[in-house]
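Welcome to a set of short exercises on a protein model. Take a look at the sequence and structure, then work through each task in order.

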Amino acid sequence: MIHLDHVTVTFPDGDSRITAVNDVSLRGEPGTVTGIIGPSGSGKSSLLAVASTLVSPDSGHVWIDDVDAAQLTAKEAAVLRRERLGIVFQQSNLLPALSSFDQLRVMNHLGGRASRRETNKVNAKAAELLAAVGLAGQEHKRPHQLSGGQRQRVNIARALMNDPRVLIVDEPTSALDQQRGAEIIDLILRLSQDMNTATLLVTHDLVHLPRMDAVVEMVDGRLSTARSTALVTV
Amino acid sequence: MFVAWRELNFARGRFALLASVVAMLMVLVGFLSGLAAGLASQNVSSVLGFKADQIVFAKPADGQKLSLSESAVTREQFDTWVSASGVDAVRPLSVQQSKMSSPDASTTVALMSSTRGKGTPVPSDDSSVSVSQTAADELGVAVGDRVTISGSDFKVAAITDDAWFSHTPAVWLSRDGWLKVDRSGEFANVFLVNGSADWEAVNTSASTQSASTLGSLSAIGSFTSEAGSLGMMVALLFAISALVLSAFFTVWTMQRSADIAVLKALGSSTRALLIDSLGQALVVLTAGIGVGLALVLGFGALAGQVLPFVISPFTTLLPALVMGVLGLAGVAFALKSITKANPLSALGGNR
Ligand SMILES: Nc1ncnc2c1ncn2[C@@H]1O[C@H](COP(=O)(O)OP(=O)(O)OP(=O)(O)O)[C@@H](O)[C@H]1O
Ligand SMILES: [Mg+2]
């Protein structure tokens with residue numbers, strides 16, 4: 001479960017500050033996908049940044065299950081991210097030196113040396129997830145040997161490696177054509193349900209909205225609730 | 001080290017290049033250290049062998065530095081030192097460079113005379129000499145052979161371990177034997193003193209000036225300038241290797257700053273990232289230094305036959321260790337950007 005409770009985020013902008021997220025409250029339940037839409041610069045990425053503990057809010061609470069991420073130090077936030085959050089980036093930010101298989105396995109090494117005892121479990125999990133995103137047989141390929149859609153699939157599998165409670169996805173289809181994009185959205189919808197994650201998904205593409213469990217629209221840093229509910233039935 | 005090893009493999013060309021640079025620097029450092037130690041040993045090894053607690057010089061004129069070959073001490077000063085309380089032994093030492101010949105060859109040697117003691121293997125009669133190994137080799141003489149010094153004949157009574165003074169091999173004469181070849185007419189150049197006395201007080205009453213053995217090395221020929229210039233080259237090479245490593249890892253870390261941001265966004269601890277990068281650097285350093293050391297040992301064994309070259313832990317392991325530590329320090333300096341990398345930049349919209 002993720003619960004943003006009256007969250008406000010500002011960024012320095014010259015001498016003053018710009019309010020990117022303005023008193024937003026939002027709740028995402030396990031096994032559901034909440035779509036977030038809105039014009040460019042409306043604060044969607046900032047909302048995801050605060051939800052994924054990459055920025056702390058100026059005010060408000062960011063509940064990840066029973067933990068208020070707004071209260072955590074940077075170090076504690078990093079631990080929370082690797083243990084409870086999955087993040088899918090807009091670009092498929094994979095590490096160039098790593099095979100697909102290792103892109104997933106690295107998740108077990110983020111806190112330092114991983115225990116050997118877990119190696120088998122981790123390997124099995126990585127293989128299973130790669131198969132789940134349709135990449136069985138591509139385990140050994142490095143990012144430059146994969147297509148854009150395949151890279152995004154690795155990205156999604158990586159985000160799910162540590163059984164996250166919350167999955168955060170920022171415009172996963174922007175670099176893909178219509179067909180690949182639709183497949184990626186399908187995958188996220190299916191895996192969110194299978195793995196019971198509370199998923200927040202920013203997208204430009206309105207055709208996907210009907211399949212989301214909820215949709216919110218951001219305008220100027222605020223949630224425009226009036227249109228938000230209606231959009232689900234577009 | 002999960003990511004670090006895979007990067008090493010992925011960018012192995014670049015890392016191999018860096019390791020070869022480190023190896024070459026290590027070769028240079030090793031050669032210069034070995035050479036510096038070799039030259040130093042050819043300069044001062046006999047003096048180090050005396051195991052004297054103090055070496056006593058005549059007080060130099062104002063503004064002059066101590067110089068072993070120019071110092072001249074007197075019989076009276078000798079008596080003062082001998083009778084000083086706390087002084088256990090005083091050996092007068094005379095040194096001069098001279099030509100020594102055998103029937104087949106001739107070479108320049110450091111003639112030394114003293115009374116018998118540690119590092120002063122003086123022969124027992126005035127017509128014998130003790131010849132150090134290198135001098136014996138150069139002249140092709142063995143025990144019992146005859147040699148000529150300044151027109152006087154001597155018998156080779158013993159061949160001793162290598163000992164050097166001012167880049168010439170040492171040859172020992174008794175005090176009486178010395179009188180046959182001495183050109184200076186002085187009592188001795190310096191005293192080798194053992195014991196534990198109030199050195200200051202004795203120096204004052206004898207109008208001498210003394211120093212420990214190590215402190216006296218600067219009074220020997222070109223020791224200071226040799227050790228200084230070679231030492232400076234070695235220090236420069238250390239600095240260069242630290243800078244090269246620092247520069248490489250600065251660029252390397254910058255190149256993958258996006259990756260670092262991603263790893264941080266995924267929840268990597270900064271500590272783990274730093275350890276990873278330092279580990280990576282350590283692998284490169286170890287490989288480079290290891291290869292460099294192997295080359296130094298290999299070529300050093302060859303060079304040792306024609307050059308004054310010393311292979312010892314002091315000229316190999318120590319510089320290697322210093323190089324490793326300074327290299328890591330240089331790398332650590334380059335890793336600031338890891339601590340600073342902002343995971344926020346990994347999220348799509350802000351790139
Ligand atoms: N790190 C930052 N520093 C300063 N200002 C920022 C930062 N991130 C976002 N902003 C500002 O906050 C506002 C919201 O930006 P945000 O990236 O959240 O918009 P967005 O809805 O994701 O837009 P897009 O659809 O173009 O990705 C913008 O005015 C932006 O300039
Ligand atoms: Mg955005």
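**Exercise 1: charges.** How far apart are the mean positions of the positive and negative charges of chain A?

*Solution.* Before starting, note that this is a predicted model, in which local features need pLDDT of at least 70 and side-chain atom pairs count only at pLDDT 80 or more, while totals for chains, interfaces and linings use all residues. Residues are numbered from 1 along each chain as its sequence is written, chains are lettered from A and ligands numbered from 1 in the order in which they are written, and side-chain values use heavy atoms, leaving out hydrogens and water.

- Step 1: Lys and Arg count as positive and Asp and Glu as negative, with His and the chain ends not counted.
- Step 2: each charge is placed at NZ of Lys, CZ of Arg, CG of Asp or CD of Glu.
- Step 3: chain A has 24 positive and 26 negative charges, and their mean positions are 9 Å apart.
- Step 4: for chain B, with 22 positive and 24 negative side chains, the centres of the two sets lie 17 Å apart.

**Exercise 2: overall form.** Find the radius of gyration of each chain and set it beside the globule rule.

*Solution.*

- Step 1: the radius is taken over C-alpha atoms, and the rule is 2.2 Å times the number of residues to the power 0.38.
- Step 2: chain A has 18 Å, close to the 17 Å given by the rule for 234 residues, so chain A is as compact as a globular protein of that length.
- Step 3: chain B has 29 Å, but a compact globule of 351 residues would have a value near 20 Å.
- Step 4: along its principal axes, the C-alpha trace of chain A spans about 45 × 40 × 35 Å, and that of chain B about 95 × 50 × 30 Å.

**Exercise 3: a loop residue.** Is A:Leu209 buried or exposed?

*Solution.*

- Step 1: A:Leu209 sits in the loop between β8 (198–202) and β9 (214–219) of chain A; strands are DSSP runs (E, at least two residues), numbered from the N terminus.
- Step 2: buried means under 20% relative accessible area, exposed over 50%, and partly exposed in between (1.4 Å probe, protein chains only).
- Step 3: A:Leu209 has a relative accessible area of 1%, so A:Leu209 is buried.
- Step 4: the C-alpha atoms of A:Leu209 and A:Ile36 are separated by 9.2 Å, although these residues are 173 residues apart along the chain.

Key. Helices (H or I, at least four residues) and strands (E, at least two) are DSSP runs, numbered from the N terminus.
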